[in-house]
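Please look through the sequence and the coordinates before reading on. The paragraphs below go from a single position to the strands around it, and then to a group of rings.

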Amino acid sequence: MRKVYVKVTADFDPQGRIIPLCLTWEDGAQYFIDRVLDVRPAASMKAGGAGIRYTCRIQGREKYIWLEENRWFVEAKR
């Protein structure tokens, strides 16, 4: 696995929580986040790195995205 930094469009609620809405892949493809299922500090054991891990439902599948300092990344196959 490799770490891929992606563009994420997010919203901030009145309590200051970050809610990711859409991610844009390296090739420009956009994937809308149907729902955020969980948010917690965690490491990416497959690609390396750590941050706030968001468990999201994207196109009916559970995927992880991480907010690492001020950048978003996902795990991708090599």
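Contact is taken here to mean heavy atoms within 4.5 Å. The model is a predicted one, and on that footing threonine 24, leaving aside its neighbours within four places in sequence, is in contact with Val6, Lys7, Ala29 and Gln30. Threonine 24 belongs to strand β2, which covers residues 18-24. Because buried means under 20% relative accessible area, threonine 24 counts as buried at its 14% relative accessibility.

Strand β2 is one member of a closed barrel of 6 strands, which runs β1-β2-β3-β4-β5-β6 with antiparallel pairing. From one strand to the next, the twist averages 45°. Strand β1, made of residues 2-12, pairs with strand β6, made of residues 71-76, in the antiparallel sense over 5 bridges, and arginine 2 stands opposite alanine 76 of β6.

Further along the barrel, strand β4 (residues 50-58) and strand β5 (residues 61-68) run antiparallel and are joined by 7 bridges, with threonine 55 having tyrosine 64 in β5 as its bridge partner. These two strands form a hairpin with 2 residues between them, and in the turn glutamine 59 has a positive phi of about 50°. Strand β5 is also joined to β6, again in an antiparallel arrangement, by 3 bridges. The hairpin of β5 and β6 likewise has 2 residues between the strands, and there glutamate 69 takes a positive phi near 55°.

Which residue of β6 stands opposite tryptophan 66? The residue is phenylalanine 73, and the two side chains also form an aromatic pair. A pair of aromatic rings is described by the distance of the centres and the angle of the planes. For tryptophan 66 and phenylalanine 73 the values are 5.1 Å centre to centre and 5° between the planes, and the pair is therefore stacked, since planes under 30 degrees apart count as stacked. Both residues fall under the cut-off for burial used above, with tryptophan 66 buried at a relative accessible area of 1% and phenylalanine 73 buried at 0% relative accessibility.

Ring pairs link Tyr5, Tyr64, Trp66 and Phe73 into a cluster. Two rings of this cluster also have a charged side chain over the face: lysine 3 lies over phenylalanine 73, at 4.7 Å from the ring centre, while arginine 53 lies over tyrosine 64, at 4.2 Å from the ring centre. Tyrosine 64 thus returns in the account, as the residue already met as the bridge partner of threonine 55.

How values were computed. Residues numbered from 1 in each chain as written. Predicted model: local features only at pLDDT ≥ 70, side-chain atom pairs only at ≥ 80, totals over all residues. Heavy atoms only, no water. Helix = DSSP H or I, 4+ residues; strand = E, 2+ residues; numbered from the N terminus. Buried < 20%, exposed > 50% of the residue type's maximum accessible area, 1.4 Å probe, protein only. Pairing = 2+ DSSP bridges. Axes fitted to C-alpha atoms, helices over the stretch in contact; angles between N-to-C directions. Phe/Tyr/Trp six-rings, centres within 6.5 Å; stacked < 30°, edge-to-face > 60°. Lys NZ or Arg CZ within 6 Å of the ring centre and 35° of its normal.
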